[in-house]
Structures are given as structure tokens and as C-alpha cells.
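Please consider the following model with its sequence at hand. The account below moves from individual residues to the domains, and then to the cores, the pockets and the cavity.

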Amino acid sequence: MGFMEKIWEIAKSDVKTIVLPEGEEERTLIASGEILKNSLAKLVLLGDEAVIKSKAKQLGSDITGVEIINPETSDKLEVYADELYRIRKNKGMTFEKALKVVRDPLYFGTIMLQREEVDGLVSGAIHTTGDLFRPGLQIVKTAPGASMVSGFFVMQVPDCEYGEDGTLVFADCAVNPCPTAEQLASIAVTTGESAKKLCGIDAKVAMLSFSTMGSADHELVQKVRKATEIAKKFRPDLKIDGEMQLDAAIDPTVAKLKAPNSTVAGNANVLVFPDLQTGNIGYKLVQRFAKAEAIGPISQGFAKPINDLSRGCSSTDIVNVVAITAVQAQRGI
Ligand code: ACO
């Protein structure tokens, strides 16, 4: 069974409720019909009920059973505005401003999630990553034990002996352009946990650099070395090691030469990149050149699951991200 098939099975076993703030968007409506048909999640669509129903009909998508809420006319606006005001008043939020802000479906949906009226949120087919993540970062914030929100990919590389028979987890490939050593340590710990909880693998986390165990010295290398120390100290139970080059991380022969004492080197299945440029370029290199399937970006570190879609996503991508979000809600990822 492939990774997504497993995710679908897990999602169906304990059905969660996901809010889709872009409820009037066509791919979202097609995906909604598929999600309901396959019992992957219960759905709340945000938008105008008449528009949603007529578009769904035109598209031939059966959305019977969804809950539709129009943030513009909801009778909960004042309650949600009060919640937003309480959370953000120390950042200059007033009740009057909050009353305007919660009409934005992304804020409305995020408040629903914060109030546990839904279990997860998926958006981004017509919004940028920043549009989606800002309300999440401001309202839902980070999970206990995580100081950073970041994004990982499950990479499935065909005919590959590295990682878990070609399955590896890459992070951060989506959120933090230039993490500090402390932030990188948090990303490493969270990614190790995500790999265990979502992929069921015994995570071996490699902190990637252009140096292996002191073979080079530079402030960029020192940052990765410091991050490794912090992560190990914070979570001595996790297998995290570095700094190391990519070949030392995944290839046992190279690891024997370059990092013979490491329990991670040569067997890494989780790759933590030093910054967003390397992470984002790295996953795309593997995706394109090795024809790998790149499942993600999957957000991690939020106190409640929020996932971003690519604006170029298909309705099938939306179905899969909703299923992943539902599993994250089940497993506290
Ligand atoms: N983790 C936890 N908290 C964070 C993070 C984070 N990664 N980033 C910001 N915050 C906090 C801030 O401290 C702030 O808290 P406060 O308001 O309570 O004090 C709050 O979140 C909002 O911060 P802002 O400064 O308003 O947001 P910022 O401008 O830092 O934007 C964002 C955050 C949107 C995630 C930004 O880092 C970003 O745009 N990242 C790049 C995303 C991107 O373009 N990715 C590539 C595309 S994805 C792909 O190709 C796969």
C-alpha cells in the first residue's frame, strides 16, 4: 500500500472535520465531492451558500452533507471578533478592528479551528502561503514543545535504496527563509516527530551542511553544529546527528569514512536543510531528477493542523491534503 493509500485508510478510520475557507473555489468544490464520497472528512465550506450550491451543481459535484457558513453574515461574528481581540489585544488589536478582520474567511476559519469547532484547516488554492500562515501563527500558534512552524515533504524516490526503501522526509522546505540555530533545532525535533507519527518510521535525523563533523569551518557550518547540539540536548531520545554532508547522511560507505561514530550517518531517513533556499531547491532537485513523488508541503509545529495548497494545485491534491490534515488532527502533528 502506498503512502497516500495508507493516509486515506487512517483518515476514514476516525473521521475529522476540516474547514475549507475557499469554499466558492472550483477545485475546492470538486475535491469536496470526492472527500465526502470517500468519507475522508466532514467538511465546512466558507462562502455564500447560493454561490457554493450553484457552482457545485454546475461542476457535477455532490456536496450533500457539507456545512456552509458565510463569514459575512454569520451570527457568530461578534463572538469570533471577541476571541480574536482577546488573543491579539497585546499586539494592538481592538474589538472594532477584529470585527472587520474576522469577515476574512481565512481568519474566520482559523478562529473556528482555535475554538475547536473544526479539527483542521486547508486553504491556499487562491491565497499565498503568507496569507494563510499569518492568521495561523497569530491565533493558533505553535504546539507545546515546538517553537517553530515549518513545512516538510514526504519524498518517495523510485528504485532507491536510501532512507526507508526510498522514502525520506525533507524539512524545512516551505516556511522559514533563514532560521537561527535555535529555530533549526526546533525544526529538526519537530520533523523527527512528524516522520514517526505520519510515516511510522524510526526517524534518523541528519542535520545537513557542506561539512561533515568538522571537515570544514564557516559560520554557516557553526550554525548547523550548534543547532545539532541544541536539538540533542533538548530531545536526547531522538536520533539526531550532524553536521553532515548529504552523501555521508544517506550512504553507509561514505558514512564509514566520514562519520564512523554516528548512529545516523549512512542511515538517515529525515533530512533537515540549513535554510529555506537549500530545502526548497533540494526537494525540487530530487522530485525532478529522480522522478520522486513529493507529498507536501505538510505543515508542522502548529498547535492545530493547518495546511497550505499550491495555487497550481489540482482537485486531487486538495483531496489528499485534506486527508493528511485529518490524520494530523488524529495524531497531534
Ligand atoms: N513559527 C512560529 N511563529 C512564527 C513563524 C514560524 N515559522 N514565523 C513567524 N512567526 C510568528 C511571529 O513571531 C509573529 O508572532 P506575533 O505576531 O505573535 O509576535 C507572528 O508569527 C506573525 O509574524 P509576521 O511577522 O506577521 O509574519 P512573517 O512576516 O514573519 O511571515 C511567514 C511569516 C508568512 C510564514 C513568512 O515567513 C513567509 O512568507 N515565509 C516564506 C513562505 C514561502 O514563500 N514559502 C515558499 C513557498 S512554499 C513551496 O514552494 C513549497
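**From single residues to the space between domains**

Asp14 is partly exposed, with a relative accessible area of 36%. This value, like those that follow, is computed from a predicted model. Asp14 sits in the loop that joins helix 1 (3-13) to strand 1 (16-20). Between Asp14 and Tyr107 there are 26 Å from C-alpha to C-alpha, with a separation of 93 residues along the chain.

A second loop residue has another kind of setting. Ser74 belongs to the loop between strand 3 (67-69) and helix 4 (77-88). With a relative accessible area of 14%, Ser74 falls under the 20% limit and therefore counts as buried. Neighbours within four places in sequence being set aside, the contacts of Ser74 are with Ile69 and Phe108.

Ile69 also appears in the surroundings of Met112, a residue of helix 6 (residues 105-114). Met112 is buried, at 3% relative accessibility. When neighbours within four places in sequence are left out, Met112 is in contact with Val19, Val44, Leu46, Ile69, Tyr80, Glu117 and Val118. Val272, by contrast, is 160 residues from Met112 in sequence, and their C-alpha atoms are 32 Å apart in space.

These residues may now be placed in the wider architecture. The domain assignment divides the protein into domain 1 (3-141 + 303-331) and domain 2 (150-294). Domain 1 is thus given as two segments of the chain. Taken over C-alpha atoms, the centres of domain 1 and domain 2 are 31 Å apart. In the contacts between the domains, six residues of domain 1 meet six residues of domain 2.

Attention turns next to the nonpolar interior. In soluble globular proteins, nonpolar side chains tend to be buried together. Here the largest nonpolar core comprises 59 residues, and Leu198, Met207 and Val322 have the most contacts inside it. Helix 8 (residues 181-199) is the element that gives the most to this core, contributing nine residues. Where does this core lie with respect to domain 1 and domain 2? Since both domains give residues to this core, it lies between them. The environment of Val322 can be described in detail: leaving aside neighbours within four places in sequence, Val322 is in contact with Ile18, Leu20, Ile35, Ala41, Leu43 and Val122. Another core, of 27 residues, lies apart from the largest one and includes Leu77, Ala98, Ile111 and Leu121.

The open spaces of the model come next. Rolling a probe the size of a water molecule over the atoms shows where empty space is left. The largest pocket contains about 670 Å³ of space. Its lining has 32 residues, and those closest to the centre of the pocket are Phe153, Ala294, Gly296, Pro297 and Ser310. Helix 7 (129-140), strand 5 (150-156), helix 12 (276-289), strand 10 and helix 13 are the elements that give two or more residues to this lining. Strand 10 has the largest share, with seven residues. By residue type, the lining of the largest pocket consists of 15 nonpolar, 11 polar and six charged residues. Because domain 1 and domain 2 both give residues to this lining, the largest pocket lies between them.

The second largest pocket holds about 480 Å³ of space. Of the 23 residues that line this pocket, Leu208, Leu246, Phe273, Thr278 and Gly282 lie nearest its centre. At least two lining residues come from each of strand 6 (167-171), helix 9 (219-234), helix 10 (246-250) and helix 12. Helix 12 gives the most, with five residues. The lining of the second largest pocket divides into 18 nonpolar, three polar and two charged residues.

Finally, there is enclosed space. The structure has one cavity of 30 Å³ or more, and about 30 Å³ of space lies in the largest cavity. Its lining is made up of Gly296, Pro297, Ile298, Asn307, Val321 and Ile324. Gly296 and Pro297 are also among the residues closest to the centre of the largest pocket. Strand 10 (293-300) and helix 13 (315-331) each supply at least two residues of the cavity lining, and strand 10 has the largest share, three residues. Four of the lining residues are nonpolar and two are polar, while no charged residue takes part.

Notes:
Residues are numbered from 1 along each chain as its sequence is written. This is a predicted model: local features need pLDDT of at least 70, side-chain atom pairs count only at pLDDT 80 or more; totals for chains, interfaces and linings use all residues. Side-chain values use heavy atoms; hydrogens and water are left out. On a 1 Å grid over the protein atoms alone, a cavity is a set of points where a 1.4 Å probe fits but cannot get out, and a pocket is an open set with protein on both sides within 12 Å along at least five of seven lines; lining residues have an atom within 4 Å of a point. Grid points are joined across faces, edges and corners, and a volume is the space filled by probe spheres set on the points. Helices (H or I, at least four residues) and strands (E, at least two) are DSSP runs, numbered from the N terminus. Ala, Val, Leu, Ile, Met, Phe, Trp, Tyr, Cys and Pro count as nonpolar, Asp, Glu, Lys and Arg as charged, and the others, Gly among them, as polar. A nonpolar core is a set of buried Ala, Val, Leu, Ile, Met, Phe, Trp, Tyr and Cys residues joined through side-chain atoms within 4.5 Å. Buried means under 20% relative accessible area, exposed over 50%, partly exposed in between (1.4 Å probe, protein chains only). Domain bounds come from an automatic or database domain assignment. Contact means heavy atoms within 4.5 Å.
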